[in-house]
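This report covers salt bridges, one bent helix and a surface patch. Please have the sequence and the model open while reading.

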Amino acid sequence: VRVLKGLLGVYMAAFTGAAFLWPEPAQGFVGESSRIVFFHVPCAWTASLAFLVAAAYSLAYLIRRNPRHDDVAAAAVKLGLLFAVIALVTGSLFARIMWGSYWNWDPRESSFLLLIFLYGAYLFLRNAVDDPDRRATVAAAYALFAAVLMPFLVFVAPRVTQSLHPQTVINPQGKILMDTPTRVVFFAGLVGFSALFLWMLSLESRAARLRRRQSV
Amino acid sequence: VYNIDLTPRRRVAFRFPEGNNAGVGSLGYLAAVNVVVWGGLFAYLWRLDRRLSEKEREP
């Protein structure tokens with residue numbers, strides 16, 4: 001496992017180098033700004049993945065009442081928020097370059113901000129309940145409620161409205177409009193960020209388990 | 001609505017429009033910042049992993 005973690009470091013270093021040096025800049029973007037897609041989209045993808053993991057573990061907690069499931073769900077939401085904020089910040093930088101303003105009230109910007117508020121409320125909710133069992137139950141129920149809204153905010157709302165946002169990978173033509181180097185680096189980024197998330201999820205869950213063990 | 005795809009075009013110099021984003025310099029600068037951020041993150045995660053393993057081994 002240690003070797004795999006080391007390899008992930010090498011993989012991400014290679015990915016970062018490739019993202020800056022291999023693909024040519026894309027059509028319709030100012031200068032080299034299209035390279036932000038290699039970091040921005042994987043962050044948004046990883047945030048969605050994290051919120052789905054949180055929903056799965058929340059459901060598992062409600063069925064089995066195992067506190068470890070609650071630890072993983074809470075860790076997944078924290079990490080999902082981290083990746084969502086990075087996606088929002090990188091998106092704002094891109095918006096400044098392409099559209100002249102950090103914030104344009106674009107449907108995708110707004111829906112992602114709502115997503116951050118939605119899951120930010122999960123953390124406030126957890127902090128508001130003292131009893132650990134009750135906290136885990138309420139948080140799990142809320143995570144499932146948020147998971148119903150999440151696909152609408154990430155995948156549906158921005159697609160049914162007019163948007164400044166560049167075409168997404170899942171576009172109306174049903175084609176991935178990228179040349180081979182861009183496609184390779186892009187999907188390598190998705191894999192790398194997902195692996196990084198899993199490692200961080202494992203660390204945060206283990207830390208939560210230790211905190212719980214020490215508090216008993 | 002912008003209709004943009006990610007097919008390549010010829011390589012151009014990394015230059016923002018005049019007066020826009022004056023604080024950002026070059027591709028090399030951005031790559032260096034990325035390497036530092038990634039290096040720092042991995043060092044932190046590696047150290048955290050090791051410390052957690054030590055704590056988990058404690059009775």
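A residue counts as buried under 20% relative accessible area, as exposed over 50%, and as partly exposed in between. The model discussed here is predicted. On that scale A:Lys78, with a relative accessible area of 37%, is partly exposed.

**Salt bridges**

How many salt bridges does the structure hold over all chains? There are seven. Side chains of opposite charge can pair when their charged atoms come close. The table lists three of the pairs.

| Acidic residue | Basic residue | N to O distance |
|---|---|---|
| B:Asp49 | A:Lys5 | 2.5 Å |
| A:Glu204 | A:Lys78 | 3.1 Å |
| B:Glu56 | A:Arg206 | 3.0 Å |

Take the bridge between A:Glu204 and A:Lys78, with its closest N and O atoms 3.1 Å apart. A:Glu204 sits in helix α6 (residues 180-215) of chain A and A:Lys78 in helix α3 of chain A, so this pair ties together parts that are 126 residues apart in sequence. A:Glu204 has 21% relative accessibility and therefore counts as partly exposed. A:Lys78 is partly exposed too, at 37%.

The side chains of B:Asp49 and A:Lys5 also meet in a salt bridge, at 2.5 Å from N to O. B:Asp49 belongs to helix α1 of chain B and A:Lys5 to helix α1 (residues 2-21) of chain A, so the pair joins two chains. Are these two residues buried or exposed? Both B:Asp49 and A:Lys5 are buried.

B:Glu56 pairs with A:Arg206 at 3.0 Å, taken between the closest N and O atoms. Here again two chains are joined, because B:Glu56 lies in helix α1 of chain B and A:Arg206 in helix α6 of chain A. B:Glu56 is partly exposed at 31% relative accessibility. A:Arg206 has 13%, so this residue counts as buried. Salt bridges that share partners link A:Lys5, A:Arg206, B:Asp49 and B:Glu56 into one network.

**B:Lys55**

B:Lys55 is part of helix α1 (residues 27-57) of chain B. Its relative accessible area is 37%, so B:Lys55 is partly exposed. Which residues does B:Lys55 touch, leaving aside those up to four places away in sequence? They are A:Leu210, A:Arg213 and A:Gln214. Along the sequence, B:Lys55 and B:Val37 are 18 residues apart; in space, their C-alpha atoms are 27 Å apart.

**Helix α5 of chain A**

Helix α5 of chain A covers residues 132-156. At 1.5 Å a residue, its 25 residues should span 36 Å; the end C-alpha atoms are 35 Å apart, which agrees. Where does α5(A) bend? The bend is at A:Leu149, by about 30 degrees, and a proline, A:Pro151, follows within four residues.

Ten names would crowd the text, but the buried residues of α5(A) include A:Ala136, A:Ala139, A:Ala140, A:Tyr142 and A:Ala143. Also among them are A:Ala146, A:Ala147, A:Met150, A:Leu153 and A:Val154. An α-helix has 3.6 residues a turn, so residues three or four places apart point the same way. The buried residues of α5(A) pack against α2 (37-64), α3 (67-99) and α4 (107-128) of chain A.

**A nonpolar patch**

A:Val85, A:Val89, A:Leu93 and A:Tyr102 make a nonpolar surface patch of about 350 Å². One of these residues, A:Val89, is in helix α3 of chain A. A:Val89 has 45% relative accessibility and so counts as partly exposed.

Key
Residues are numbered from 1 along each chain as its sequence is written. Chains are lettered from A and ligands numbered from 1 in the order in which they are written. This is a predicted model: local features need pLDDT of at least 70, side-chain atom pairs count only at pLDDT 80 or more; totals for chains, interfaces and linings use all residues. Side-chain values use heavy atoms; hydrogens and water are left out. The expected span of a helix is 1.5 Å times one less than its number of residues. The bend at a residue is the angle between axes fitted to the seven residues ending there and the seven starting there. Buried means under 20% relative accessible area, exposed over 50%, partly exposed in between (1.4 Å probe, protein chains only). Contact means heavy atoms within 4.5 Å. Patches are made of residues with over 30% relative accessible area and no salt bridge: like charges are joined within 9 Å, nonpolar side chains (Val, Leu, Ile, Met, Phe, Trp, Tyr) within 5 Å. Accessible areas come from the Shrake-Rupley method with a 1.4 Å probe; for residues, only the protein chains shown count as cover. A salt bridge is a side-chain nitrogen of Lys or Arg within 4 Å of a carboxyl oxygen of Asp or Glu.
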